[in-house]
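Here's a walk through the sheets, helix packings and salt bridges of one model. Keep the viewer open while you read.

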Amino acid sequence: AGKENEDVVVPTSGGRYDVHLKKRQRVAVYWEEEVSEVRRCTWFYKGDKDNKYVPYSEAFSEELEEAYMVAVTLDEWKKKLESPSREVIILHNPKLMVHYQPVAASDDWGSTPTEQGRPRTVKRGVENIAAEIPNGEPLQIDHLVFVVHGIGPACDIRFRSIIQCVNDFRAVSLSMLQAHFRKAQEQQQIGRVEFLPVNWHSALHSTGVDVDLERITLPSINRLRHFINDTILDVFFYNSSTYCQTIVDTVASEMNRLYELFLQRNPLFSGGVSIAGHSLGSLILFDLLTNQKADPEEDEHREEGSRTASSSRGTEEVKDILQKLELSEYCDVFEKEKMDRQALFLCTEQNLREMGIPLGPRMKILHYISSKAEMQVCPLHSFYSSSSHPITADARNCQYRDVGLGQVSANYPQLNYKPTIFFAFGSPIGMFLTVRGVKRIDPNYSLPTCKGFFNIFHPFDPVAYRIEPMIVPDLEFEPMLLPHHKGRKRMHLELKEGLTRMSVDLKNNLLGSLRVAWQSFTRAPLPAGGAGAEAVAEVGMEQQPPDTKPEETPPAVREEASQINVGMLNGGNRIDYVLQEKPIESFNEYLFALQGHLCYWESEDTVLLVLKEIYQTQGITLDQPLPGS
């Protein structure tokens, strides 16, 4: 009796939902969601325009089954039953059973609904039902990815939640695994990647701030103002110290909670964890990651590396500064005191006086320090100190303003794991860093606990900004073009490149022809014996051959684009990756700007890059390398 009363729980949908058989309920495991009903199906109905059979409730199915068995036993058909919703089901024979819908409800005189309208087909059992029952997801989970949303409760153009969008992302990942990792799947080297959504919007707006906003919101254009309060204001909330703390606490605690719960339900899991953020969510994760504390051993190695790299460079920079100020004779004094650039910018007038620097040179040095401090052009030593700890308040008050990130004052929580890779989709990180006063990111800087960082964006995304130009500001180069998941470049882009190349060739050929004609014209008046003039003309022809193409980028330069040194933020690899726009999007980039910001959830190219980089850390590659990848 005790076993009969026990509720049997069956995990479904890759372990993200539990079905309680006794209660007939389906409950979400990792997030809050309304409980859905589960039915044990024996009787179904389907209308003419319906695509699938719909099960009756279990109670009414039992009534139908009882009536059916009586009809079969006694061979008495044309039985008529009435459903709880006053609908009529007639059992004509075992192969013909119909369900009539009432055309009107009962009126005050008690007249019953007429059996009119097109009847529905009634079926017993699941035989010959063309229902596509999915095989389910692989049981083995190789990697876990937490996905953080951006502003507002809706994450795509259809106003769906982060849960629904991540469901799409996960579904696309399963299809990409079958298409591009088939060999590894057949050899049972891989299973799948699990993606779990992280929701912080509901926690922020449950603090009572919506009530406060409602009091001060004007009554006009009500829907627009409500939309702004619910979405756009999230950016301002994150720049408020009070609500920034709420947001980072929610994101970090939710990811830690999900991680612990996932390990409880998957005790054999031995894979890594990565994180992904869309829009503002990527900035929240970036700020969290920059404030993580590395292990003491890693910290020590990082400090030693930065010291050895910067000591000689810092001394040389001080010499350059003194030469610029025409104070080269004091180089030995600064070198004797082991002064590098950072130490110089921390100097006060008292320090310079104690070093024996006269008043005039002291004033020059102090003026230079103060002017540079106001400009805040320090490289990303300005970002974070080499030990990856936040800049202290004392350092901020010094004349050398090591402003770093200029983050809102908040106590950033620590994560219970070290992320393998950080993926940013449609991210404004670059813009926020620039607004905070960061001019440049130190090429030697890397996130304390995360070695990989990919900034992925659509070319028309109005919210996305690049990262690499902040590391290499003196060099202009394009972001890496993400290859199409079918292994080719989109046709309209190839056509566009071909037309551009053709126009360059035509222009250069035309210029070459004009140059030859002009040289022939200028040689015509010369005397016949002017061999010297012809020699000069021939030299000019050799120096400027007509078939040169100065405007065409050499292939070697194009190949070197992917080999540009963009620092250690992504372990020495490229950071910025741009998607290929669709042909219809290329007609009007303004029209598809919003779609460009919300396209990542169903983008096969984005998902494939995420899978490729995750499995590359496990030594597993694509079946066929994509061109340009």
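Two axes count as roughly perpendicular when the angle between them falls in the range 65 to 115 degrees. Keep that window in mind for the helix pairs below. One caveat up front: this is a predicted model.

**Helix pairs**

Start with helix H8 (residues 241–265) and helix H9 (residues 280–290), which pack at an angle of about 80°. That puts H8 and H9 roughly perpendicular to each other. Their axes are 10 Å apart. On the H8 side, the residues in contact are Ile 247, Val 248, Val 251, Ala 252 and Met 255, and they meet Ile 284, Leu 285 and Leu 288 in H9. The chemistry of that contact is easy to sum up: eight nonpolar residues, no polar and no charged.

Now for helix H3 (residues 162–180) and helix H22 (residues 604–616), with about 65° between them. H3 and H22 are therefore roughly perpendicular to each other as well. As for handedness, H3 passes H22 in a right-handed crossing. H3 brings Phe 169, Val 172, Ser 173, Met 176, Leu 177 and His 180 to the contact, while H22 answers with Glu 604, Thr 606, Val 607, Leu 608, Val 610, Leu 611 and Tyr 615. This contact is a mix, with nine nonpolar residues, three polar and one charged.

Here are the two packings side by side:

| Helix pair | Angle | Axis distance |
|---|---|---|
| H8 and H9 | about 80° | 10 Å |
| H3 and H22 | about 65° | 9 Å |

**Sheets**

As a reminder, strands of a sheet pair through backbone hydrogen bonds, either parallel or antiparallel.

One open sheet has four strands in the order E1-E2-E3-E4, with antiparallel pairing. Its edges are strand E1 (9–12) and strand E4 (36–37), each pairing on one side only. Strand E3 (residues 25–28) joins E4 over two bridges in the antiparallel sense, and Gln 25 stands opposite Glu 37 in E4.

Another open sheet has six strands, ordered E6-E5-E10-E9-E8-E7, and the pairing here is antiparallel. Strand E6 (54–55) and strand E7 (79–82) stand at the edges with a single partner strand each, so one side of each has no neighbour in the sheet. Further in, strand E8 (residues 88–93) and strand E9 (residues 96–100) pair in the antiparallel sense over five bridges, with Ile 90 opposite Val 98 in E9.

What lies across strand E5 (43–46), E7, E8, E9 and strand E10 (120–124)? That's helix H2 (residues 58–74), running at about 170° to E7.

**Salt bridges**

How many salt bridges does the structure hold? There are 24. One of them joins the side chains of Glu 194 and Arg 16, at 3.1 Å from N to O. Glu 194 sits in strand E12 (residues 192–198) and Arg 16 in the loop between E1 and strand E2 (17–20), so this pair ties together parts that are 178 residues apart in sequence.

Methods:
Residues are numbered from 1 along each chain as its sequence is written. This is a predicted model: local features need pLDDT of at least 70, side-chain atom pairs count only at pLDDT 80 or more; totals for chains, interfaces and linings use all residues. Side-chain values use heavy atoms; hydrogens and water are left out. Two strands pair if DSSP finds at least two bridges between them. Axes are lines fitted to C-alpha atoms, for helices over the stretch in contact, and angles run from 0 to 180 degrees between N-to-C directions. Angles under 35 degrees count as roughly parallel, over 145 as roughly antiparallel, 65 to 115 as roughly perpendicular and the rest as oblique. A crossing is left-handed if the near helix is turned anticlockwise from the far one by less than a right angle, and right-handed if clockwise. Contact means heavy atoms within 4.5 Å. Ala, Val, Leu, Ile, Met, Phe, Trp, Tyr, Cys and Pro count as nonpolar, Asp, Glu, Lys and Arg as charged, and the others, Gly among them, as polar. A salt bridge is a side-chain nitrogen of Lys or Arg within 4 Å of a carboxyl oxygen of Asp or Glu.
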